[in-house]
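Got the viewer open? Load the model, switch to a cartoon view and follow along, one selection at a time.

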Amino acid sequence: MLESWPMLDLTVPAAVALDLAAIGRFASARGWVPATSGNFSCRIDAAHAAVTRSGIDKGNIRPEDVIAVPLSGALPPGVSAETPLHVARYRHDAGIGAILHVHTVAATVLSRCDSAGGYVELEGFEMHKSLRGVTTHEGTVRLPIFANDQDTGRLAERIEEAIGAEPAVPGYLLAGHGLYAWGASMADAQRHLEGLEFLLQCSLEERRLRR
Ligand SMILES: [Zn+2]
């Protein structure tokens, strides 16, 4: 019922759609969003975000593939099934400007290997400094892992409750599924995504060599 769709009069700003298309090409070129997987979003204002449509090639996001969604209330049809995970993050942290989700090999494999412990531990990497507020390679970064769930509304509630108001790391893993990362802007979110993915790839390589 179109009458019940709350977003009919809100269009996605062109700059937001272009940002999402650019991050889609970036991730697709690296093989991080195979087989139409992954999803990306950008905050429009205090009450709305733009999210990629379900089932599209993220290397070729067109303006009509980006849908404006309210951060509370019913979601419009056609949005990614994982939109509740994005919406919940925006709702719980007003400082978040963009959220990126990819299905990389390193994130998928390590989130399975370490799921029992609840996090992937990353220690001593210079790349820690890609993360907000981290100024040294010394210390440990623990990237949380949550069990996957096809009920993404329920999953979002569980995640938001667990990570609290100020998560130590701007991202998390879903076991056997992929990586979420966010930031105050699209550039911050991309830096966090790249940094976390690099750290996961290093960890995966190290484990292979040490077997
Ligand atoms: Zn996913």
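Start by selecting residues 14-29, which is helix α1. Put a distance between the C-alpha atoms at its two ends and you should get 22 Å; 16 residues at 1.5 Å a residue should also span 22 Å, so the helix agrees with expectation. Keep in mind that you are looking at a predicted model.

Now show the side chains of α1. V16, A17, L20, A21, I23, G24, F26 and A27 are the buried ones. There is a rhythm to look for in any such helix: with 3.6 residues a turn, residues three or four places apart point the same way. What do the buried residues of α1 pack against? Colour β1 (39-45), β2, β3, β4 (98-102) and α5 (186-210), and you have the partners.

**Just past the helix**

Step off the end of α1 and click G31, which follows the helix and has a positive phi, near 75°. Keep going into the loop between α1 and β1, where you'll find A35 and T36. Most residues other than glycine have a negative phi. A35 is not a glycine, yet its phi is positive, near 55°. T36 is not a glycine either, and its phi is also positive, at about 65°. Is A35 buried or exposed? With 75% relative accessibility, A35 counts as exposed, while T36, at 38%, is partly exposed.

**Zoom out**

Go back to the whole chain. You can count five helices and eight strands. Starting at the N terminus, the order is α-β-β-β-α-β-α-β-β-α-β-β-α. The radius of gyration is 17 Å, close to the 17 Å that the globule rule gives for 211 residues, so the chain is as compact as a globular protein of that length. If you draw a box around the C-alpha atoms along the principal axes, it comes out at roughly 60 × 35 × 30 Å.

Two more numbers for the overall picture. Of the 211 residues, 49% are buried. And if you take contacts between residues at least 6 apart in sequence, 62% of them join residues at least 24 apart.

**The zinc site**

Next, select the zinc ion and show what surrounds it. Which residues coordinate the zinc ion? The donors are E82 through OE, plus H101, H103 and H177, each through NE2, at 2.0 to 2.2 Å. Try the angle tool here: the four donor atoms subtend angles of 96 to 144° around the zinc ion, which makes the arrangement irregular. The cut-off behind that call is that four donors count as tetrahedral if all angles lie between 85 and 135 degrees.

In sequence, the donor spacing reads E-x18-H-x1-H-x73-H. Pick out E82 and H177: E82 sits in the loop between β3 (66-70) and α2 (83-92), and H177 in the loop between β7 (171-174) and β8 (178-183), so the pair ties together parts that are 95 residues apart in sequence. Switch on a surface and you'll see that E82 and H177 are both buried.

**H86, in α2**

From there, select H86 in helix α2. H86 has 0% relative accessibility, so it counts as buried. Look for N39: its side chain makes a polar contact with the side chain of H86, at 2.5 Å. Beyond four places in sequence, the residues in contact with H86 are N39, F40, S41, I99, H101 and Y180. You'll recognise H101 from the zinc ion.

**V51, in β2**

Now move to strand β2, residues 48-52, and select V51. V51 is buried, with a relative accessible area of 1%. Leaving out residues up to four places away in sequence, V51 touches F40, S41, D65, V66, I67, V69 and T83. For a sense of scale, draw a line from V51 to Y180: the two are 129 residues apart in sequence, and their C-alpha atoms are 14 Å apart.

**Last stop: C113**

Finish on helix α3, residues 105-113, by selecting C113. Where V51 was buried, C113 is exposed, at 51% relative accessibility. Then add A175 to the selection: it is 62 residues from C113 along the chain, with the C-alpha atoms separated by 8.7 Å.

How values were computed
Residues are numbered from 1 along each chain as its sequence is written. This is a predicted model: local features need pLDDT of at least 70, side-chain atom pairs count only at pLDDT 80 or more; totals for chains, interfaces and linings use all residues. Side-chain values use heavy atoms; hydrogens and water are left out. Donors are N, O and S atoms within 2.8 Å of the metal (3.2 Å for Na, K and Ca); water is not among the atoms, so sites may look incomplete. Four donors count as tetrahedral if all angles lie between 85 and 135 degrees; four count as square planar and six as octahedral if opposite donors are over 155 degrees apart and all others between 65 and 115; anything else is irregular. Helices (H or I, at least four residues) and strands (E, at least two) are DSSP runs, numbered from the N terminus. Buried means under 20% relative accessible area, exposed over 50%, partly exposed in between (1.4 Å probe, protein chains only). Contact means heavy atoms within 4.5 Å. A polar contact is a pair of N or O atoms within 3.5 Å; within protein, one must be able to donate a hydrogen and the other to accept it, and residues adjacent in sequence count only if both atoms are side-chain atoms. The expected span of a helix is 1.5 Å times one less than its number of residues. The radius of gyration is taken over C-alpha atoms; the globule rule is 2.2 Å times the number of residues to the power 0.38.
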